[in-house]
Structures are given as structure tokens and as C-alpha cells.
Amino acid sequence: MLARFCGVLVLLAVFLTGLNALRPAVNQELSNIFNELWRLDVNRMKPGIDYNVSVQGRASFVSQGSHVVQDHALQPLFSNVNENRLKNITTFARFMKLLDNFERYTGVTEQVTTEELTEINLFLDAVLETEVMKRAHKYLVSKGQSSSNLRLFKSQLNLIWFHLYHRQRNTGLDSSGFEHVFVGETRSGPELIGFHNWIQFYLQEKNRHLDYKGYKAREHDLPDRDDHILNLQFSWHGVVKPVGSIFIGTSPEFEMAVFTIVFLMSRERSTTVLVNIDQCQMELVVVRRGHSLGTGYPKLLSSNSRHVGQRTH
């Protein structure tokens, strides 16, 4: 009996070791460059000063396409945001001008006006002037993934983020990386897809189009109001996102730089990298559609430096 019990323990240990081996190691090179970008992100909003969040209760399991969801957050996620600072920082201000340029339904052809093209152009100009994107550009040039010519790099960013493509078959050009990641989309089912940006979240919540339902996290890693990434559940125009994830407080240029680097450093259709940024460990997920971004989002694994000691490579 004892021998059988010991045998079970050995098998269990082998199984757990195998599981641990399957976990990807932290990508130290990308962690280093992303932490540089983090330190350079002077436009990042500060929790408790520029904004306040209330994470409230843990959200329950909800299947994709469900209309029925229990609300574990009676108050909004954002109790306040310093809108004056948002409007007075060029990249934030120009970013917000882009948010109403898109049809949220997939299958509906996007109509891009001359005014909207000008807004995209001005936004990219502002992003390229930041120290965050300058450093990202320098890194990509050193890796042979971007031209040192600023005009060509701007065209590359435009192709990655704003090039229109088909997300739904047998329709016109109905989507782009920017729309999916920063604005959000809905498709028949109904299903809410994309929507990984905190500014859009705040503005839609303020206008009562969005209802925060609670956070998603493991028991031993509860979020707090200072976290710069949250896994959460919410509904938008009545369509539920069972699990979503967003950076909180970060600038548009930081998010664009991070996902652009992951996108260009891999040729796989779907790429997941494990990185440590500031006090958080996360997976960064990027899916490509040809030369353009299909989606990009962070998935928080651990916050408040609980991951310290994780193996790296």
C-alpha cells in the first residue's frame, strides 16, 4: 500500500514537472525593452492622482454570447479621470478624436472620410514625436524589422494599425487593428470582440454605453486600484465580454509600441510572449492578418511582484 502511494506521488511530481516545463519562460529581452518604454512613458496617468478605479467584486463565469450575467460591481470601474490632462496631452487628445470614426458592427463596410484620414495622420505624427515610440523605432531598426527612415516607419505603423481588411467574410472592408484593439467591435452571435483600451472603456462607461461587471483573477492574486493591467468582465451596448483585459493609465503610444514590437518580432499568425513589466507579469498576445494587426492584448498573470523568482531566458 505504501509503495503504491509513493508511486502515485512520483507520478504526480512528474506530471507537475511536465506542466511547469510547458510554461514558457519569461522573454528577458522583450521585458527589458518594454521596461525602458515604461520608464519613458511620461504621459502615463498616475493612479490615485490622475484617475481612480474601484475593482469591487469578482465576476462570475459567463459563456460567450450570453445575455444573462450577474453584476458584481454596482459602481463604475472608473470613479474619476482627469479629463483636462487627457485633453491637454497631444497623443491622448488626438487618440480620442479617432474613437468615433468606426462602425462597431463587423460586416458593415468602413467609410473613411478625408477628415478621418487627416486625424489618423496627425495622431501618428504625435505618436512618432514621443520618446516611447522613438525608442521602439530604434529597437526595431536594430533588429532589421523597420527602416530608419521616419516616413517609411510611419507608413509601416499605418499599415499595421489602420489598414482596412475583412473580419467578416463576404462583406466589404470592415475592420482594422486600431478599431479592434482600441475601439471594440461586435459581431453576430452576439459577440463582443477586441476592446482592450482603458480610455475607450472610461468614455463608454461615462456615457452609460458600458457596464463593468467585476474583475477576473485567481484567489491568491487579487487586483488593487494601483494595478496597471486588469482582467475584467463588462457589457457594451448590452453585449457581454466574458473576459477582457486592458492596460490602465498607459498612453496610446506605449500600447502601440509594445504591440508593434511583438507583431514585427514574430512571423507566426498567433504569438504569445511572457514578459515582466514594472511589477506585473503578463502574456502579450498578438494575432496577425497578413501585414496588419488582427488583435493585441495583455493578459495579467501576476501583479505586485508576486512572480519574482520566475525563471527567465
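Helices, in the sense used here, are DSSP runs of H or I with at least four residues, numbered from the N terminus. With that in mind, open the structure, which is a predicted model.

**First stop: Gly177**

Select Gly177, which is found in helix H8, residues 177-183. Gly177 has a relative accessibility of 0% and therefore counts as buried, since the cut-off for that class is under 20% relative accessible area. Next, add the residues around Gly177. Leaving aside neighbours within four places in sequence, Gly177 is in contact with Ile160, Trp161, Tyr165 and Leu293. Of these, Ile160 may be picked for a distance label: Gly177 and Ile160 are 17 residues apart in sequence, and their C-alpha atoms are 6.9 Å apart in space.

**Second stop: the sheet S8-S9-S10**

Display the open sheet of 3 strands, whose order is S8-S9-S10 and whose pairing is antiparallel. Its edge strands are S8 (270-277) and S10 (292-302), each of which pairs on one side only. On average, and with direction ignored, neighbouring strands of this sheet are turned by 20° against each other. Now select strand S9, residues 280-289, together with S10; these two pair in the antiparallel sense over 9 bridges. Within this pairing, locate Met282, which stands opposite Leu300 in S10. Then bring helix H10 into view: H10 packs on the sheet and touches S8, S9 and S10. The direction of H10 makes about 65° with that of S9.

**Third stop: H10 with H2**

Keep H10 (residues 252-264) selected and add helix H2 (residues 28-40). The two helices pack at an angle of about 165°, with their axes 10 Å apart. H2 and H10 are therefore roughly antiparallel to each other, as angles over 145 degrees are so classed. Their crossing is right-handed. To show the contact, select Leu30, Ile33, Phe34, Leu37 and Trp38 of H2 with Phe254, Ala257, Val258, Ile261 and Val262 of H10. By class, this contact of H2 with H10 has 10 nonpolar residues, no polar and no charged ones.

**Fourth stop: H10 with H6**

Replace H2 by helix H6, residues 131-142, whose axis comes within 9 Å of that of H10 and crosses it at roughly 10°. H6 and H10 are therefore roughly parallel to each other. On the H6 side, select Val132, Met133, Ala136, Tyr139 and Leu140; in H10 they meet Glu253, Phe254, Met256, Ala257, Thr260, Ile261 and Leu264. The residues of the contact of H6 with H10 divide into 10 nonpolar, 1 polar and 1 charged.

Conventions
Residues are numbered from 1 along each chain as its sequence is written. This is a predicted model: local features need pLDDT of at least 70, side-chain atom pairs count only at pLDDT 80 or more; totals for chains, interfaces and linings use all residues. Side-chain values use heavy atoms; hydrogens and water are left out. Axes are lines fitted to C-alpha atoms, for helices over the stretch in contact, and angles run from 0 to 180 degrees between N-to-C directions. Angles under 35 degrees count as roughly parallel, over 145 as roughly antiparallel, 65 to 115 as roughly perpendicular and the rest as oblique. A crossing is left-handed if the near helix is turned anticlockwise from the far one by less than a right angle, and right-handed if clockwise. Contact means heavy atoms within 4.5 Å. Ala, Val, Leu, Ile, Met, Phe, Trp, Tyr, Cys and Pro count as nonpolar, Asp, Glu, Lys and Arg as charged, and the others, Gly among them, as polar. Two strands pair if DSSP finds at least two bridges between them. Buried means under 20% relative accessible area, exposed over 50%, partly exposed in between (1.4 Å probe, protein chains only).
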